[in-house]
Amino acid sequence: MNQQQKSLVTLTENYTYQTKKSKQFMEKYRPIMADPRAVWGFNLPMKEMCYPIVGKRSSGCKIWDIDGNEYVDLVMGFGSNIFGHNPSFIKNAIAEQLEQGIQLGPQSELAGEVAELICELTGVERVAISNTGTEAVMTAIRLARAATNRSKIVMFSGSYHGHFDGTLVKTGVNSGEGKAEAIAPGIPDKIVEDVLILDYGNPRSLEIIKSQGNQLAAVLVEPVQSSRINLQPKEFLQQLRQVTETLGIALIFDEMVTGFRIHLGGAQAWFDVQADIVAYGKIVGGGMSIGIIAGKANYLDRIDGGMWNYGDASSPQIKKTFFAGTHCKHPLSMAAARAVLMQLKVQGNSLQEELNLRTSQFVNKLNSYFESEKLPIRMTNFGSLFGPISSGNSEASENATADIGINLLSYHLTHRGVLLLRGGGFLSTAHTDADLDRIFQAVKDSVAELQTGGFLPIPAAKFSQVR
């Protein structure tokens, strides 16, 4: 058995022993529970470690699994938990509402205040409330098509907008410029015919939009893509706003991740771009399921027909499209959302500014370490969202052994009590300096073990010392 095989066997044995109940959970329920997360990152050499950690409880920035292991969490509800897990002000709001009941059918007593707070904090004119980010984006597209009486939309390569059929597309292979195709079986070709996929941040994309402007209902944008955090094209977004406004195309911002995180006003405020429709979620719900469709009244009026008054002859004047959902404005979600929005309002932008700064400092510290070790890893951040980017070192990126080592790094970190999201994650107000020190030490220890195991390069100076 060579050095790498021995290292992988040792890691696998230690990892699966430490998290054996999580593995048993997946083995027990796999026959009956279909779960895409159960096969994330599936790789034959690492197959025995391919299962999600099963959580038992959480508090602050920590999660405990069913084996009793403690983790510093960087997944943070996929970006939902900016205040950490189970903060008292959200827990108390939910408990109070639970005591009063979870009435579905009557209007939620808190819904109006939630909508009012979103308008106040973000500058939008009207708000509709759904259950998930996928629903919010799907509805935003429908509103744009209803308002413009056009069908085609533009999306950008690398973006993610939920699991609605109409957004599950990618650039077509050997097809015309902007031609889209479905990313998976089960998505009808007819649905993606009305989608153009363009290159994000590329001025050429603006020219294509101009050339097809009279057919386009909307341009759907993830202002900073979770898959390419380092691409933050302010000038492009501002030019895109000008083009879409001139051509009567709805500009839709998908702010599931950036909303309330980079700035109190989200990416709109950060990039100084006012979209026509904005989709929010995650942070607003405080851990509860929620989707927000917000924006200009002339689009949101398609939900309910627009303004009218009691006591006169007025009536809804705008032709409506369809929008519904049993659990929309769920009382528990409204209680959590109101608590979150009130807390955001009280703290103001100082919350985001401090988190942004702490994340930048942490990323710089990691990058200094990776550089000192001559590792093909570089991190970047957009506010308190951070993750890996290409180091630009083509020689390293072509090294298959180093690539395996980087993939193994997440398993080593999980084994040392750090939960990651795609090699990065989110910082919250619950992460302390001690927590960041713990993460940094876990990174150093993991890298050292991968170097010893022959999966990552050892700097020449250190190599001579080892010898």
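In this predicted model, the lining of the second largest pocket is made up of eleven nonpolar, three polar and five charged residues. That pocket encloses about 500 Å³ of space, and its lining counts 19 residues, with Ala 115, Arg 126, Val 127, Ala 128 and Lys 329 lying nearest the centre. Two or more lining residues come from each of H5, strand S4 (126-130) and helix H11 (297-304), and of the contributing elements H5 gives the most, namely five residues.

Helix H5 also takes part in a helix packing that can be followed from the same starting point. Two packed helices are described by the angle between their axes and the distance between the axes. For H5 (residues 111-122) and helix H12 (residues 331-347), the angle is about 30° and the axes lie 9 Å apart, while the crossing in which H5 passes H12 is left-handed. On the H5 side the contact is formed by Ala 111, Glu 113, Val 114, Leu 117, Ile 118, Glu 120 and Leu 121, which meet Met 334, Ala 337, Arg 338, Leu 341, Met 342, Leu 344 and Lys 345 on the H12 side. Sorted by class, this contact of H5 with H12 holds ten nonpolar and four charged residues, and no polar ones.

From the open pocket one may turn to the enclosed spaces, of which there are two cavities of 30 Å³ or more. The largest cavity holds about 40 Å³ of space, and its lining consists of Ser 80, Asn 81, Ile 82, Phe 83, Gly 84, Pro 87, Ile 90, Ile 283, Gly 286 and Val 340. Six of the residues in that lining are nonpolar and four are polar, whereas none is charged. The second largest cavity, with a volume of about 30 Å³, is lined by Val 257, Thr 258, Arg 261, Ile 262, Phe 382 and Leu 385. Here the classes divide into four nonpolar residues, one polar and one charged.

A last feature concerns the aromatic side chains, among which the structure holds 15 pairs. A pair of aromatic rings is described by the distance of the centres and the angle of the planes. In the case of Tyr 15 and Tyr 411, the ring centres are 5.5 Å apart and the planes stand at 80°, so this pair is edge-to-face, the cut-off for that class being an angle over 60 degrees. The pair joins distant parts of the chain, since Tyr 15 belongs to helix H1 (residues 3-18) and Tyr 411 to helix H15 (residues 400-415), with their positions 396 residues apart in the numbering.

Definitions and conventions:
Residues are numbered from 1 along each chain as its sequence is written. This is a predicted model: local features need pLDDT of at least 70, side-chain atom pairs count only at pLDDT 80 or more; totals for chains, interfaces and linings use all residues. Side-chain values use heavy atoms; hydrogens and water are left out. Axes are lines fitted to C-alpha atoms, for helices over the stretch in contact, and angles run from 0 to 180 degrees between N-to-C directions. Helices (H or I, at least four residues) and strands (E, at least two) are DSSP runs, numbered from the N terminus. A crossing is left-handed if the near helix is turned anticlockwise from the far one by less than a right angle, and right-handed if clockwise. Contact means heavy atoms within 4.5 Å. Ala, Val, Leu, Ile, Met, Phe, Trp, Tyr, Cys and Pro count as nonpolar, Asp, Glu, Lys and Arg as charged, and the others, Gly among them, as polar. On a 1 Å grid over the protein atoms alone, a cavity is a set of points where a 1.4 Å probe fits but cannot get out, and a pocket is an open set with protein on both sides within 12 Å along at least five of seven lines; lining residues have an atom within 4 Å of a point. Grid points are joined across faces, edges and corners, and a volume is the space filled by probe spheres set on the points. Rings of Phe, Tyr and Trp (its six-membered ring) pair if their centres lie within 6.5 Å; planes under 30 degrees apart count as stacked, over 60 as edge-to-face and the rest as tilted.
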